[in-house]
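Colleague: I am new to this structure and would like a close look at a single part of it. Please take me through the pairing of the strands and whatever packs against them, and explain each term as you go.

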Amino acid sequence: GYVHIFFDYDSIQKGEFNKRIIDAIYSCTDFILVLSPKSMKRCVKKGDPVANEIRTAVKYKKNIIPVTIDGREVKWPRSFPDDLKFIKGLQFHDHKSDSYFEHSIDELCEKLTFKKA
């Protein structure tokens, strides 16, 4: 029922990758940040795309929803950038990929500020 969903894997087939993502973040209401256990490891590197996407979401005051999968903990590097540490304090949604998948999606949708059409 949601009509405007941007998923970088599906939505970008050619063209300027970074520009398309930044444009999508600018025009969205909710920014769902899917985190694997090692996803924040790269954020310590200057110019990391994920760190830049998060900073863009903050800049444009988006509703940031961090999502983990099946209870897997995120490993935070010691030198994690100060301007991104706020993520640790956000309410995480732990998505279930088993028989509770549909229920988990419903719970995630409840955290969105943009509602179905």
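Modeller: Two strands pair if DSSP finds at least two bridges between them, and the strands themselves (E, at least two residues), like the helices (H or I, at least four residues), are DSSP runs numbered from the N terminus. This is a predicted model, in which local features need pLDDT of at least 70 and side-chain atom pairs count only at pLDDT 80 or more, while totals for chains, interfaces and linings use all residues. Residues are numbered from 1 along each chain as its sequence is written, and side-chain values use heavy atoms, with hydrogens and water left out.

To place the sheet in its setting, the protein has four helices and three strands, and along the sequence these follow the pattern α-α-β-α-β-β-α. The three strands form an open sheet in the order β1-β2-β3, with parallel pairing. Its edge strands, each of which pairs on one side only, are β1 and β3 (93–95). From one strand to the next the twist averages 30°, where axes are lines fitted to C-alpha atoms, for helices over the stretch in contact, and angles run from 0 to 180 degrees between N-to-C directions.

The two pairings can be taken in turn. Between β1 and β2 there are five bridges, and these two strands run parallel; here V34 has V67, in β2, as its bridge partner. On the other side, three bridges join β2 (residues 63–69) to β3, and again the strands run parallel, with I69 having H95 of β3 as its bridge partner. Strand β2 is mostly covered, since five of its seven residues are buried; buried means under 20% relative accessible area, exposed means over 50%, and partly exposed lies in between (1.4 Å probe, protein chains only).

H95 deserves a closer look. This residue is found in strand β3, and with a relative accessibility of 9% H95 counts as buried. Leaving aside neighbours within four places in sequence, H95 is in contact (heavy atoms within 4.5 Å) with V67, T68, I69, D70, F101, S104 and I105. The side chains of H95 and S104 are also joined by a polar contact of 2.9 Å. A polar contact is a pair of N or O atoms within 3.5 Å; within protein, one must be able to donate a hydrogen and the other to accept it, and residues adjacent in sequence count only if both atoms are side-chain atoms.

The mention of S104 leads to the helix that packs here. Helix α4 (residues 101–110) lies across β1, β2 and β3, and runs at about 155° to β3. S104, L108 and C109 are the buried residues of α4. They cover an arc of only 140° around the axis, which puts them on the same side of the helix, the arc being that of the directions from the helix axis to the C-beta atoms. An α-helix has 3.6 residues a turn, so residues three or four places apart point the same way. The buried residues of α4 pack against β1, β2 and β3, whereas on the other side of the helix E102 and E110 are exposed.

A second helix belongs in this picture. After the largest nonpolar core is introduced, its place becomes clearer: that core has 15 residues, and those with the most contacts inside it are F31, L33, M40, C43, I54 and L84. A nonpolar core is a set of buried Ala, Val, Leu, Ile, Met, Phe, Trp, Tyr and Cys residues joined through side-chain atoms within 4.5 Å. At least two residues of this core come from each of α2 (17–27), β1 (30–34) and α3 (49–59), and α3 gives the largest share, three residues. A second, separate core of five residues includes I65, V67, L108 and C109. As for the sheet, α3 packs on it by touching β1 and β2, and its direction makes about 155° with that of β1.

Finally, two loops beside β2 hold residues with an unusual backbone angle. Most residues other than glycine have a negative phi. K61, in the loop between α3 and β2, has a positive phi of about 55° although it is not a glycine, and K61 is exposed, with a relative accessible area of 74%. D70, in the loop between β2 and β3, likewise has a positive phi, near 50°, but D70 is partly exposed, with a relative accessible area of 30%.
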